[in-house]
Amino acid sequence: MQQFQCYIDGRFGNGEARFQSVDPATGAAWAEMPESRKADVDRAVEAAHQALHGGGRWARMTATQRGKLLYRLADLIAASVPRLAELETRDTGKIIRETSSQIAYVADYYRYYAGLADKIEGAFLPIDKPDMDVWLRREPVGVVAAIVPWNSQLFLAAVKIGPALAAGCTIVVKASEDGPAPLLEFARLVDEAGFPPGVVNVITGFGATCGAALTAHPKVAHIAFTGGAETARHIVRSSAENLASTSLELGGKSPLIVFADADLESAANAQVAGIFAATGQSCVAASRLIVERSVKDRFLEILAAKAEAIRIGSPLSMDTEVGPLATERQRRHIETLVAASLDAGAKVVTGGSAPAGEGYFYRPTILDCDGTSAPSLDKEFFGPVLSVISFETEAEAIELANSTPYGLASGIFTQNLTRAHRLMKAIRAGIVWVNTYRAVSPIAPFGGSGLSGDGREGGLAAALSYTRTKTVWLRTSDDPIPDPFVMR
């Protein structure tokens, strides 16, 4: 079996225990991972705290010097794409044609934040007192705890690590125990890039014995989390111990609205990208298709044909389009939810079952949920299952789109520009894609509201969220301070 190590204070180690990681394509263990518990967490946080506050090299670096280290890391990532992509595919089942392209783009996220490092500016205030000058300084918020899930983990880590380091913070990254290999390997690139010890620490372990200790640690100042709403609630409770600020990027039940005037072929491709790409294991998965009734049947014919033509197979093959789910429990969750939806009256358009053979595969599935209250309309699958409902009026489409406690992503397909503008205002979501879907950029903020969390990742907003504002007052008069009992 391949052996992996955690990375704490610039050193690699085996952790307090070891556990096996499973290849989702075969269901067989393939690697041994380090399991960090409280003692490792304490060491990692203390190392990050000392790197930031102990007067060492990181604390003395200029913003430009921090940016140069991030540029170096980006170059190393770009050169390591084949190795990182193979590890992510092996450990999570995500197809290699996506891990390869996505990790190559991850390098651009680090380049973006490398360039931004010395662009985080303060301000001079035109204060209302003639004998005072006042400045605002932006300073690092402190030690950051980043908790990253197994899906798209190098990307989801980059949108935390990049802005945090650009802002001057130090960070402890907890990789998911369900597929930590690529992040543990990424730590070797951090080490090679020359970051001072303690600036970036990478550990993995289980929620109760690792995550809980990390999020409640008294020296953690900010918690950046991507994952499910229930885990987020535990994190918010933990943050009551250290009063850390939080940024939470959670799940979604995102709508894709297709009007009769849309380019149906293009919309169908977007819907395939939105729900079947990444085997549906994406927080922005377009899991609810809301289609105008007059074109519903025609659109479902196009979509079903595309779904049935999808190539299911080994995630390590560049020809594969849908690979396995990451865990067996995830496939059981999908099977249970599909069965409950059929019991509630939903009809299978295509798919609806797992193919024979080893691994955690599930066929691309479309459920017609018109006229039902199927649970598939409300609950997140995190898998390749699409629920379809229809509408007749624009107002009805908006109401259906907003009939969810989530608020992460949405898509609109129409050739009517004024309608698109009305809907982009009316839909309650942090992201609105018009005539496209599942597009991202380091320049553009990403995030939602409600059960989809709060805060933003990507863009300048993310870097600023890792800073605190310090107000500096300078009295410019040489005269004695007047009446000390009156507030100036």
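How many bridges join strand 7 to strand 23, and which way do the two strands run? I started my notes here, bearing in mind that this is a predicted model. I found nine bridges between strand 7 and strand 23, and the pair runs antiparallel.

**Entry 1: the sheet around strand 7**

I looked up which sheet this pair belongs to. It is an open sheet of three strands in the order 6-7-23, and the pairing is antiparallel. I noted strand 6 (123-125) and strand 23 (467-475) as the edge strands, each of them pairing on one side only. I then checked how neighbouring strands of this sheet are turned against each other, and got 25° on average, direction ignored. For one spot to click on, I picked L136, which stands opposite T471 in strand 23.

**Entry 2: the second largest pocket**

Strand 7 (132-140) turned up again when I went through the pockets, as one of the elements that each give at least two residues to the lining of the second largest pocket. Helix 2 (57-60) and helix 3 (63-79) do that too. Which element gives the largest share of this lining? It is strand 7, with five residues.

I wrote down a volume of about 340 Å³ for this second largest pocket. I counted 19 lining residues, and R66, R137, R138, E139 and P140 are the ones nearest the centre. Sorted by class, the lining has eleven nonpolar, three polar and five charged residues.

**Entry 3: the largest pocket**

Next I went to the largest pocket, which has a volume of about 1,000 Å³. Its lining takes in 37 residues, with P149, F225, G227, G228 and T231 closest to the centre.

I also wanted to know where the lining comes from. Strand 8 (143-148), strand 11 (222-226), helix 8 (207-215), helix 9 (229-242) and helix 12 (328-343) each put in at least two residues. Helix 9 has the largest share, at six residues. By class I got 15 nonpolar and 15 polar residues, plus seven charged ones.

**Entry 4: helix 4 against helix 5**

Last, I looked at a helix pair. Helix 4 (residues 81-92) packs with helix 5 (residues 96-116) at an angle of about 135°, and I have their axes 9 Å apart. Why do I call the pair oblique? Only angles over 145 degrees count as roughly antiparallel, and 65 to 115 as roughly perpendicular, so helix 4 and helix 5 are oblique to each other. I logged the crossing of helix 4 past helix 5 as right-handed.

Technical notes. Residues numbered from 1 in each chain as written. Predicted model: local features only at pLDDT ≥ 70, side-chain atom pairs only at ≥ 80, totals over all residues. Heavy atoms only, no water. 1 Å grid on protein atoms, 1.4 Å probe; cavity = no way out; pocket = protein on both sides within 12 Å on 5 of 7 lines; lining within 4 Å. Points joined across faces, edges and corners; volume = space filled by probe spheres on them. Helix = DSSP H or I, 4+ residues; strand = E, 2+ residues; numbered from the N terminus. Nonpolar A, V, L, I, M, F, W, Y, C, P; charged D, E, K, R; others polar. Pairing = 2+ DSSP bridges. Axes fitted to C-alpha atoms, helices over the stretch in contact; angles between N-to-C directions. Parallel < 35°, antiparallel > 145°, perpendicular 65-115°, else oblique. Left-handed = near helix turned anticlockwise from the far one by under 90°.
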